[in-house]
2 protein chains.
Amino acid sequence: MEIREHTTKAFAADLQSLNQLVAEMGGYVEKQLGDSIDALVKLDRDRARRVVSADDAVDELQRKIEELAVTTIATRQPMAVDLREVIGVLRIANELERIGDLAKNVGKRVITLNGDYMPRKAVRGMKHIADLAQGQLRNVLDSFARRDIAAATSVWTRDEEIDAMYTSLFREILTYMMEDPGTITLGIHLLFCAKNFERLGDHATNIAEAVYYMVEGHSFPAERPKADTTTGIRLPITH
Amino acid sequence: MEIREHTTKAFAADLQSLNQLVAEMGGYVEKQLGDSIDALVKLDRDRARRVVSADDAVDELQRKIEELAVTTIATRQPMAVDLREVIGVLRIANELERIGDLAKNVGKRVITLNGDYMPRKAVRGMKHIADLAQGQLRNVLDSFARRDIAAATSVWTRDEEIDAMYTSLFREILTYMMEDPGTITLGIHLLFCAKNFERLGDHATNIAEAVYYMVEGHSFPAERPKADTTTGIRLPITH
């Protein structure tokens, strides 16, 4: 009885540490993403360099979470909802690491874009999709902190907005490239940046799924909103 | 004593199942990748559709591996090298899932490319980078099966070849796009495909790192070959 009680308390302490680490990692990645957006919109290379170098801390946090999660599973042998909590935390850390990579990739591209002129309308478009992605990240981190499955579900269903925005931005940038081949190189990097924000939205919905799973013990009941038909892959190509 | 022996045997059986599942998943992903390359080079939309639909099986295998790994850690409480084996398997399954996603994305793009004319030189270039990536995947899966750290190290160091190939292909496709703006849309999709193969190489090196860690208990001794300066991000942009 006493041993069980000790294990329960020790597990609760481990879980609290894991949650704190994920919150910390989420905060880091949010900051990294915000900086990458600012760097892109203002073509600020110094800030872009900070975004790139910040990624090591994010990777380090993921390793730390992975280690603690594995130790927790091995020593506390959690079951049912407790085990789901630990697995959910592992999955979220994995998604956050990927989001950090995407922000870093935006930073790396900005570093190369110095001196390039970006049409004001494209700047607005990039800012728009980036803000949508950032909003999704913020909301899904909140849903994790509060274990709020309504908020998680809302993130999951709103991913379509980012996909639609990506399709429209893809077309717009393509138009610039067609009209002025001098903008092709810039356009390519902007397309890759836009794609990064679109993928970031997918990772936010994966986190939403993890939060749902932690609370409910299964995945979202319906099909995931189809991210694929509107990623700009089909539409801007077949015609 | 008897309980310990039982646990040891049970752990060995779990580990064998995990290894078999990873080998199976590796085989699937190799096939998926090979099909995506064929589909791209021959612009074979049917095959591309099969590549896309094959991804569900890969995702399913990853979930299965994750579940069994977690159960193994919770019930057998492995330590030291045994624990490293399970964590290594988890990491490799994660990387394979990402490789499957990249092959799927190539497939999705091929579906939209029907009827587009691809310059023969670009086809050769795409085939070359894809074959390099496929070779890295094959070699790293072999290194995992044989726990061969020399082979893993070789995969790790050879990633630079893919990066260099990507840079050269990036420039080539860019040239087509500049010369004939009618090829811009096709060019963009080819660039995304090429980028997928380049990233695939990064995931192969991550698997190599996981194999090294499983055997040696720590990461590669030297710095990872720098994948970033040659990803085509900087070179084709600053000039």
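**View 1. Surface and charge of chain A.** Chain A exposes an accessible surface of about 10400 Å², 51% of it from carbon and sulfur atoms (Shrake-Rupley method, 1.4 Å probe). This is a predicted model: local features need pLDDT of at least 70, side-chain atom pairs count only at pLDDT 80 or more, and totals for chains, interfaces and linings use all residues. Residues are numbered from 1 along each chain as its sequence is written, chains are lettered from A in the order written, and side-chain values use heavy atoms, without hydrogens and water. The mean positions of the 31 positive and 37 negative charges lie 3 Å apart (Lys and Arg against Asp and Glu, without His and the chain ends; placed at NZ, CZ, CG and CD, respectively).

**View 2. The fold of chain A.** Seven helices and zero strands make up its secondary structure (DSSP runs: H or I, at least four residues; E, at least two). The C-alpha trace spans about 75 × 40 × 25 Å along its principal axes. Of 239 residues, 56% are buried (under 20% relative accessible area, 1.4 Å probe, protein chains only).

**View 3. Helix α3 of chain B.** This helix covers residues 80-112. Its end C-alpha atoms are 49 Å apart, which agrees with the 48 Å expected for 33 residues at 1.5 Å a residue (1.5 Å times one less than the residue count). Because 27 of the 33 residues are buried, α3(B) is largely enclosed by the rest of the structure.

**View 4. Around B:L40.** Contacts of B:L40 include B:V106, B:V110, B:M126 and B:F197, leaving out residues up to four places away in sequence (heavy atoms within 4.5 Å).

Conventions. Buried < 20%, exposed > 50% of the residue type's maximum accessible area, 1.4 Å probe, protein only.
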